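Me: Please take a close look at the salt bridges of this model, and set them in the context of the strands and domains around them. A connected account would be preferred to a list.

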Amino acid sequence: MTRDPGTPREIHSWLTDMDGVLVHEGKALPGAADFVRALRDAGRPFLILTNNSIYTERDLRARLAASGIDVPEGAIWTSALATAQFLVDQVPGGSAYAIGEAGLTTALYEAGYTLTESDPDYVVLGETRTYSFEAITRAIRLIQGGARFIATNPDVTGPSAEGDLPATGAVAAMITAATGRKPYFVGKPNPMMFRSALNRIDAHSETTAMIGDRMDTDVVAGIEAGLQTFLVLTGSTQAHQVETFPFRPGAVLPSIADLVDLV
């Protein structure tokens with residue numbers, strides 16, 4: 001069921017998911033480039049959010065540009081960046097043992113964190129293409145020794161050309177089974193990621209909208225963060241599934257193309 005895209009609140013700033021909203025398998029979805037262009041032309045504050053912690057903002061900007069969507073690096077907010085910001089707010093200048101790739105290690109380094117295997121404040125688990133049994137073992141022993149356990153996002157699988165791959169949430173479950181310690185997940189659906197994004201662009205929840213393709217992450221976190229929410233049907237959640245959730249998006253639309261005129 002498609003609901004009317006009208007909203008009772010004026011929207012001054014925008015947050016949008018990336019995969020399933022702007023792009024799919026490296027190709028821009030209908031209206032994505034037009035929507036981002038409209039935001040930039042209107043001078044609207046916006047951020048593109050992703051739970052993927054593998055890539056840096058520069059990497060993701062290049063990937064979006066290759067699909068025809070032109071955004072500055074500063075308009076991209078990853079779970080790695082949100083995690084680094086969370087750690088800085090908790091323990092400024094702290095230390096971490098990180099399992100992840102450049103997106104995570106660069107974010108931690110630029111936030112002033114020391115990356116170490118020796119008595120770190122935190123074990124930080126992110127996404128990587130090749131999880132090392134040795135690294136997981138090290139993480140388990142450090143957590144048993146008192147390091148606090150943080151994970152960038154709870155996604156249990158990630159896509160590949162051959163099928164699903166185990167992702168952060170699955171590896172976190174393995175570490176939890178071995179240590180009895182559950183991680184604090186910073187990325188979606190934790191509204192913490194949205195609140196840090198709002199702070200990044202100096203926006204207010206009352207006048208910000210979130211566009212997503214998943215009811216169980218984008219929409220629920222947007223609602224919990226106090227944002228106006230839009231679900232687009234170009235990604236994970238299908239129209240017939242919307243009614244199975246106990247919460248409602250502000251509107252359900254075929255694609256982000258239907259939001260260009262609201263900018």
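**Salt bridges and their surroundings**

Reply: The count comes to ten salt bridges in this structure, which is a predicted model. Several of them are described below, followed by the strands and the domain contact.

One salt bridge links Asp34 and Arg37, with 2.8 Å between the closest N and O atoms. Both residues belong to helix H1 (residues 32-42), and because they are three residues apart there, about one helical turn separates them. Asp34 has a relative accessible area of 41% and is therefore partly exposed. Arg37 is likewise partly exposed, at 43%.

A second salt bridge is formed by the side chains of Arg58 and Glu73, at 3.2 Å from N to O. Arg58 is in helix H2 (residues 57-66), whereas Glu73 is in the loop between H2 and strand E5 (76-78), so this pair ties together parts that lie 15 residues apart in sequence. The two partners can also be described by accessibility: Arg58 is exposed, with a relative accessible area of 58%, while Glu73 is partly exposed at 33%.

A third salt bridge joins Glu101 to Arg129, whose closest N and O atoms are 2.2 Å apart. Glu101 is located in the loop between E6 and helix H4 (102-110), and Arg129 in the loop between strand E8 (122-125) and helix H5 (133-144); the pair therefore ties together parts 28 residues apart in sequence. Glu101 has a relative accessibility of 18%, so this residue counts as buried, the cut-off being under 20%. In addition, Asp17, Lys188 and Asp218 are joined into one network by salt bridges that share partners.

Asp17, a member of that network, also belongs to strand E1 (residues 13-17), in which five of the five residues are buried, so the strand is largely enclosed by the rest of the structure. In a regular strand, side chains alternate between the two faces of the sheet. Both faces of E1 are covered: Ser13, Leu15 and Asp17 are buried on one side, and Trp14 and Thr16 are buried on the other. Strand E1 runs parallel to strand E13 (residues 208-212), to which four bridges join it; within E13, Ala209 is the bridge partner of Trp14. Strand E1 is also joined by four bridges to strand E4 (residues 46-50), again in parallel, and Ile48 of E4 is the bridge partner of Thr16.

Strand E5, at one end of the loop that holds Glu73, contains Thr78. With a relative accessible area of 1%, Thr78 is buried. Apart from neighbours within four places in sequence, Thr78 is in contact with Thr50, Asn52, Tyr55, Leu60 and Met193. A polar atom of the Thr78 side chain lies 3.1 Å from the backbone nitrogen of Leu81. By contrast with these contacts, 27 Å separates the C-alpha atom of Thr78 from that of Gly146, a residue 68 positions away along the chain.

Strand E6 (residues 95-99) includes Ser95, and E6 also bounds the loop in which Glu101 lies. Ser95 counts as buried because its relative accessibility is 12%. Leaving aside neighbours within four places in sequence, the residues in contact with Ser95 are Tyr113, Thr114, Thr116, Asp119, Pro120, Asp121 and Tyr122.

At the level of domains, the chain is assigned to domain 1 (13-51 + 188-262) and domain 2 (82-185). Taken over C-alpha atoms, the centres of domain 1 and domain 2 are 26 Å apart. Seven residues from domain 1 and seven residues from domain 2 take part in the contact. About 530 Å² is buried between domain 1 and domain 2, and carbon and sulfur atoms give 52% of this area. On the domain 1 side, Asn51, Asn190 and Met192 supply 63% of the area buried against domain 2, more than any other three residues.

As for the salt bridges themselves, how many connect domain 1 and domain 2? The count between domain 1 and domain 2 is zero. Polar contacts do join the two domains: three residue pairs, both residues at pLDDT 80 or more, are counted between domain 1 and domain 2.

Definitions and conventions. Residues are numbered from 1 along each chain as its sequence is written. This is a predicted model: local features need pLDDT of at least 70, side-chain atom pairs count only at pLDDT 80 or more; totals for chains, interfaces and linings use all residues. Side-chain values use heavy atoms; hydrogens and water are left out. Buried means under 20% relative accessible area, exposed over 50%, partly exposed in between (1.4 Å probe, protein chains only). Helices (H or I, at least four residues) and strands (E, at least two) are DSSP runs, numbered from the N terminus. Two strands pair if DSSP finds at least two bridges between them. Contact means heavy atoms within 4.5 Å. Domain bounds come from an automatic or database domain assignment. Buried area is the accessible area (1.4 Å probe) that two parts lose on being put together, summed over both. A salt bridge is a side-chain nitrogen of Lys or Arg within 4 Å of a carboxyl oxygen of Asp or Glu. A polar contact is a pair of N or O atoms within 3.5 Å; within protein, one must be able to donate a hydrogen and the other to accept it, and residues adjacent in sequence count only if both atoms are side-chain atoms.
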